[in-house]
Every structure is written in structure tokens, then in C-alpha cells.
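Trainee: Could you take me through the aromatic rings in this protein, slowly please? I'd like a close look at how they pair up.

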Amino acid sequence: MANITKKVSWSSRADESGPAGEGTPLLNGSEQPRLSRQPSEGGSIFQIGRLSTVDLEEEITSDEDSLRGRPKEIPHNEKLLSLKYESLDYDNIENQLFLEEERRMSYMGFRCLEISRWVVCGLIGFLTGLIACFIDIAVEELAGFKYQVVKENIEKFTEVGGLSISLLLWAVLNSAIVMGGAIIVAFFEPIAAGSGIPQIKCYLNGVKVPRVVRLKTLMVKVCGVICSVVGGLAVGKEGPMIHSGAVVAAGVSQGRSTSLKRDFKIFEYFRRDTEKRDFVSAGAAAGVSAAFGAPVGGVLFSLEEGASFWNQMLTWRIFFASMISTFTLNFFLSIYHNNPGDLSNPGLINFGRFQSDSVAYNLYEIPLFIAMGAIGGLLGALFNVLNYWLTIFRIRYVHRPCLQVMEAMLVAAVTATVSFTMIYFSNDCQPLGPEHTEEYPLQLFCADGEYNSMATAFFNTPERSVRSLFHNQPGSYNPLTLGLFTLTYFFLACWTYGLAVSAGVFIPSLLIGAAWGRLCGILLASITSFSIWADPGKYALIGAAAQLGGIVRMTLSLTVIMVEATGNVTYGFPIMLVLITAKIVGDYFVEGLYDIHIKLQSVPFLHWEAPATSHWLTAREVMSSPVTCLNRIEKVGTIVDTLSNTSTNHNGFPVVVQVSGSDEPAKLCGLILRSQLIVLLKHKVFVELARSRLTHRKLQLKDFRDAYPRFPPIQSIHVSQDERECMMDLTEFMNATPYTVPQETSLPRVFKLFRALGLRHLVVADDENRVVGLVTRKDLARYHLGKHGLEELQLAQT
């Protein structure tokens, strides 16, 4: 990763060479560009200083073969916008083929389509539930085996001395298991690292993230998350469930697997971005639902964090998928736990039921809850800032797969060592009651009939630790134990998030919050003599909500998830208050964790609204120009040359028509996509061939759907010299009614139209319907509100 720098040139539309910001480093923060208005030649068009593409150094690009082993998605700093991400087409291409197909379809045909949508959603829910069940059982069995071996070893060496051997065994076991998980992620599918929520958020926003919904990604994700949790890292298995659900949805809804080269010839109508994205949002919701046993929370998560486009029927179908997912998981887990048919244990993480007498809260406790929310916001902001700097460090220095695996092993070994040290030096002994809930009680240096309470927190899967902090009797934990645990686990979780392993941040956040929340409850009880403070479990729940809200900044869905997971509505109001406070306090300092990671990957993400002070910018200043246009009847050679031009690599081409017998410039008559042109070239849909071949089969929409989503590159299509001279008629295949805006449209209006309709290209036309520019996602995502007003991000060819 030698020196990645390149000259950045600022110029107006007329290619006049403006001042060049020399040697702007891609990874270090660079000066913010000034928004300059310059008149360009040939007309009084005002233009913002535009930024030409930043290229990586030649020696890096020429050395591509040696980079093949590395993850291609090496992200950059948040001052950049990557040009490698394409948009999804959420807008239907209304060409003549589409309109004919719609016209031919009967009422029964539409009803069958609607039924198949429900069937697909049911299948998504069922398969996501099964995957959750598999992950849960695998983690239970493997973690149980690991902790049993280590516990027996510790008990053996406590008596005879030599506990360092136990520590070594624990650290080696952890590192070995984590190594397996890290190798498959770093070497086989780097996109499967982390929780996958930022990637799915981007996908639902309309960004085509490479390889994010592939079958291979799902396999690596599932195996990776089992290894991470069993390997004792400070992670949860809930985040990856959301990614897994999304991959399942993307696969099932297409009725085929491009990875396995199998086509089942079903659901062919759904082979386009519009339908696929709706199903992916259902898959994400089914993942949340399986993870937390919260179907309503799943729907709200998809609404709040994911889907940019929503309607009533979609909500209903997503809820159906979520319900099926929870039911499937419940049903199979009940069989696993030897009480088939008992469906009272929803979700991978089950916080257990809070008894109604212990959950009472008074009016004077509300300010305390709000204060805890503020603490959660502060700690969450600290977590995010630390993780941000750590991620920047990883981007620069830990980008080789072997280094990533070594770092993951190091974290696993350190986690085991820290846990062991804390347990070893803790003298917090608690009596083992007859109804003790500890899965692996460690006696160590405690008296007979007692166990080490620090071990309950560390020597366990994180889910069990959360449950014990919520429900153990008052007095089960020493304040010093909780304080030390919070401190160490906070830094361990922060270090772990962003490793090359599949892992979620939900459970570690809840665990940190539950620990300091319970600590608050104990301290309040010791300060005052009110009996109402007696239950620290209540404060553990509020602390958990505050910490998670402070890190990921979700409000609506998180409230419902917490209420559904604890099975108690009493806490709806306090949890909501705490989450709102945590979000407000946290947002004052830094963004949520997922947004930070999206920015670090330089994704052109479009938020709900355009930047607040952008009304003075117009479409003319924002658009890309000049635009490569095609004639309605175009020469094949011209089309092949246009598509083969690697310097532009455009994906949408306005189609223009020349008014016959006049010198007027060509007028806009439609828009055609690169993918459509490639299919037309592949099938050789030329005017001359159509005339000569009477039996030539007419191209149908099915041909375009069969090529979706991996359209062949232009290099793989052979066009002979004679064929280059042929003509191609685009009338039938172009979208004859593309969305257009006048040049003077303000940026917020362009943004609203683009974002609400899920467009990929928006044509800017003048008064006489001539094409003057094209607005794409990157043109809009470049502008954001920074500390110094409206700022423009740089574009990087990565």
C-alpha cells in the first residue's frame, strides 16, 4: 500500500485547468475544497469547482495480480466518496417490452404474483429461522464443551497449583477457534466481516455493494459467527443474523442460485432490483425477529435503519416474514430442548421475563433514568470515537489477510488472559443457592458451596452474562466486580468490533450497559434506604438500553425490541426516554457506529433529506457533464466503443433523436442502460439481421431477466468487423419516459425526487428538451453539512 497520493484538479465544466491540490493523501484528512463559482466559456453557466477523479498511483494499478489476495474493499477516510459503488435501479424501466407484458397479463396473473410474494416472504422467514436455530445450537454445544473442558482443568489445577496451564489452555483454545473464523473471512469473503448491518443498510439505500448478498457470503458469515462467539470474543451473534436474513431473501426471491449455476425457473418475474430490494428488507426484518424474538421490532428496524422505500402491503408482508421466522426458531429450539411444541422461548437472545413486582418504578426515578441515558450517550460516543481511530489504523496498517488473522488471534488470546486475570484476582465469593442459575460456576479460591461471581460475567457466553445481570438476586455482585468488568469489557468490545471476523455489537453493548446499570442500582440502594431501589435488575435493563442506544443510535425499533425481548410493556416509557436521551447526547459528539463505518467505506449513501443549507445549489451545478448520448438508431460500432471506454464507464445513456431536415440539436427521447445494451449486443439485435431473418425470435423481457444480476462484461461479447457497420434500433428497449428536471431546479428538489423514487439516473434538460447533464447518486452524495457549512467530498477511483 505504498504512497497512495495523486494530484487532485479542480476545474469548471470547460476543462480549464484550475489550481491543483498537490499530493492530497487519500487516507489522511485533506483540506476542504472551497465552493467556487466560475463562468465557463461558451455561455454564462455558473459552475461549482468540480473535482476530477482521484486515481491511485499507476504502480498500484499495474500490480493488480499481487493484490488479488487482498480485500478489494479497502475503505478510505470519510472525506472521500468511492466511484466503485454503483446504484441499484429501483425505478421500473417502462419500455415497450415491459408495457406489452403488463398489457398481456390477466387479472389472475396479477393475483398469482401477489400470492408468490407472500410465499417468498414465508420461505424467507422459515429459512432465516432455521439458520438462527443452527447458529444457536452450534454455539451452545461448542461453547458448552469448551467451558466444560476449561472448568475441569481449572478445578484440577486449583488444588495442585499451576493455574498458568489452565490460562494457556483457555487462550490457545480461544485463539485456535477464532483463527478458523478469521481465515475464512479474511481469505475467502472479506465482505462477511463485522455485523453486516452497515452493508445491508447501504444495499437498502440503493447502493450496489459488491458480493454482499452472495451464497458464499452467507456460508462464511454463519461459520464465522459461530467461531467468533465460541472463541470467547466480546461479540454477539445477533447482528450477523440480519445480514444472513438479507442474503437468504436475495437468493430465495430470485428462484435460482448464480453461485451454484442452478436455475429453478420459478419467481422469474422478481428478477429485478425493485422486487429484490423489497424482499431483502423482509429478510433483514426476519433476521432481527429471529435474533431477539421481536417480530414488530424487526419490522420497525427495517423501517428505521434499512428500507428507503415503503408501502402498506410491504409492511404487512415483512411482518409475516418476521412472525414465521420467530415461530420457526421457537419450534425447532423447543424440539432441541426436549419439550416439543412449547413456543414460549422466542429469539436467540432471551432476556427472561421480568416479574411485575420487581419492575415497578416511580415518578421520581424518571430523572435518574434520563441521567442514565446521558451516561449511555457519553459512553457510546467514546466507544464510537475509539473504534473510529482504531478502524483508521486498521485500514492503513492491517489490510493484509494474514495480518488480519493474526490480529483476531491476538484479541482472542488477550480476551482470555484478561478474563482469567480478573477471575483469578477477584475475591467476590457468593453462596451457591439451591436454585442457582449459573451454568459453569467456578469455585477457584472460594469456600465450599460458594462460587466466584466475576466468573459468572466472564466465564460464559455474553447472552448468559446479560441474563444473569438482569435476573440474579440483589447482592449477587460486588460493586468493585461490576466496575472492573465494565471497564475491561468496554475496551475489549471496542477493540473487537471491526476485526476480520463475523460479529455483532448488540450483545457486548447490552452487557457493558447492564453491568454499569446494575452498579448504579447497587450504589443508589446503598446511598438511600428506600426499598424501591432494591432491585438492581431494573437498572441493569435501563443501563443496557442506554449503552446500546448510545452506540448504534436507534430509537424506535430498539424500544420495541427491548420491550418484546423482556416481555414487559411496563418499561416502554423509561426505555424510550433513555434511548432518546442517549441519541441526543451521543449525536452531539459523533455519529452512530454504523454511520461511521459507512462513511469510512466511502459509500455514496443518501440520507433522508438534502443538506440543510443547499437551496442555493442548482441541478446545473450538481450534474455531471458532458453526457454521452446515443441516437435512437445507432451504429453498433459506436455502441461497442462507448461501452468499452474504460475512462468513463457510464451505466446510463440518454437516447436522442435528430429532427429530420433541420440543423437543430438532438432532442431527448429516452434513456437506456449499459446492461440492456450488453444484452442487445449479445443477442445481436441489429436492424439488418431483423430484416434478413424472418424467423428471428423477438427479444423479450425474459432475456433481460435471465442475464440479471451478473450481466457479462463488454469484453466478453464478440462483435465482428461487419457487424460493427450494422445499425441498432433502441426504440423498443429504451425507457421512453425518463424523469427529467430543468437546469434551475434546486438541489433539495432534485434530491427529494431522486431519493423518493429510488432513481439511478436523472436527466437534466434545457427549455428545448436538449440533454445538458445527468445527475447520479454520487453527484448528490458529495454534498454534506460539515462544521464549516456545506462541504463537498472528493471522488476517489478505488
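**Aromatic rings, up close**

Mentor: Let's start with the whole chain: of its 798 residues, 56% count as buried (buried means under 20% relative accessible area, exposed over 50%, partly exposed in between, with a 1.4 Å probe and protein chains only). Keep in mind that this is a predicted model, where local features need pLDDT of at least 70, side-chain atom pairs count only at pLDDT 80 or more, and totals for chains, interfaces and linings use all residues. Residues are numbered from 1 along each chain as its sequence is written, and side-chain values use heavy atoms, with hydrogens and water left out.

The chain has 28 helices and 24 strands (DSSP runs numbered from the N terminus: helices are H or I with at least four residues, strands E with at least two).

Now the rings. Rings of Phe, Tyr and Trp (its six-membered ring) pair if their centres lie within 6.5 Å; planes under 30 degrees apart count as stacked, over 60 as edge-to-face and the rest as tilted. By that rule there are 22 aromatic pairs. Take Phe-292 and Phe-506: their ring centres are 5.2 Å apart and their planes sit at 55 degrees, so this pair is tilted. It ties together distant parts of the chain, as Phe-292 belongs to helix H8 (residues 273-292) and Phe-506 to helix H16 (residues 506-527), 214 residues apart. Phe-292 is buried, with a relative accessible area of 3%, and Phe-506 counts as buried at 2%.

Next come Phe-393 and Tyr-397, another tilted pair, with 5.1 Å centre to centre and 50 degrees between the planes. Both lie in helix H11 (residues 366-397), four residues apart, which is about one turn of the helix. Phe-393 is partly exposed, at 44% relative accessible area.

Rings can also join up in a group: ring pairs link Trp-118, Trp-316, Phe-319 and Phe-320 into a cluster.

Some rings have a charge for company. A charge sits over a ring if NZ of Lys or CZ of Arg is within 6 Å of the ring centre and within 35 degrees of the ring normal. Arg-272 lies over the face of Tyr-269, 4.7 Å from the ring centre. Likewise, the charged end of Arg-755 sits over the ring of Trp-608, at 4.6 Å from its centre.

One more Phe to look up: Phe-188 is in helix H4 (residues 163-188), and Phe-188 is partly exposed, with a relative accessible area of 48%.
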